[in-house]
Amino acid sequence: MTVSKRLRAADGTSFGNEVYEISFDVEDKQNIPLFGAKYHFKLEGVVDCPEFVVYFPLLEKYVASVCLLRMKARLKL
């Protein structure tokens with residue numbers, strides 16, 4: 001389930017459990033922008049930072065329209 005879907009299903013503007021929490025600062029959680037909607041991500045004892053929504057299918061179309069290519073990183077372990 002995506003972050004946007006979890007937000008729409010939540011009682012308020014945040015959701016999570018005892019390990020993580022994601023909270024949005026939005027007025028209308030049913031109409032979240034596809035790009036740039038700011039949310040705050042907390043991972044107990046490790047991460048506490050703002051992040052931003054990016055809808056990848058639309059991003060890929062935009063990237064292709066300006067003649068850029070999507071690259072996949074190859075990790076060697």
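Cys-49 comes out as partly exposed, because its relative accessibility is 26%. Cys-67 sits at 72%, so it counts as exposed. Keep in mind as you look around that this is a predicted model. It holds zero disulfides. Beyond the cysteines, there's a nonpolar patch on the surface, a buried lysine and a buried isoleucine to visit.

**The cysteines**

- With zero disulfides in the structure, no two cysteine sulfur atoms here come within 2.5 Å of each other.
- Cys-49 has 26% relative accessibility, and since exposed means over 50% and buried means under 20%, it ends up in the partly exposed group.
- To find Cys-67, go to the segment after H2.
- The backbone of Cys-67 has a quirk: its phi is positive, at about 60°, even though this residue is not a glycine.
- Cys-67 is also exposed, because its relative accessibility is 72%.

**The nonpolar patch**

- Six residues make a nonpolar patch of about 540 Å² on the surface: Leu-34, Phe-35, Val-54, Tyr-55, Phe-56 and Leu-58.
- Phe-56, one of the patch residues, belongs to helix H2, which covers residues 56–65.
- Phe-56 has a relative accessibility of 53%, so it counts as exposed.

**The buried lysine**

- Lys-29 is in a loop, with strand S2 (20–24) on one side and strand S3 (35–43) on the other.
- Lys-29 is buried, yet it has no salt bridge.
- Why no salt bridge? A salt bridge has to be within 4 Å, and the nearest side chain of opposite charge, Asp-11, is 6.5 Å away from Lys-29.
- What the Lys-29 side chain does have is backbone oxygens around one of its polar atoms: that of Ala-10 lies 2.3 Å away, and that of Leu-7 lies 3.4 Å away.

**Ile-22, and a long way to Glu-60**

- Ile-22 is part of strand S2.
- Ile-22 counts as buried because its relative accessible area is 7%, and buried means under 20%.
- How far apart are Ile-22 and Glu-60 in space? Going from C-alpha to C-alpha, the two are 25 Å apart, and along the sequence they are separated by 38 residues.

Note on methods:
Residues numbered from 1 in each chain as written. Predicted model: local features only at pLDDT ≥ 70, side-chain atom pairs only at ≥ 80, totals over all residues. Heavy atoms only, no water. Buried < 20%, exposed > 50% of the residue type's maximum accessible area, 1.4 Å probe, protein only. Patch = residues over 30% accessible without salt bridge, like charges linked within 9 Å, V, L, I, M, F, W, Y side chains within 5 Å. Areas by Shrake-Rupley, 256 points an atom, 1.4 Å probe, with all protein chains shown as cover. Helix = DSSP H or I, 4+ residues; strand = E, 2+ residues; numbered from the N terminus. Lys, Arg positive; Asp, Glu negative; His and termini not counted. Polar contact = N/O pair within 3.5 Å; in protein donor to acceptor, adjacent residues only side chain to side chain.
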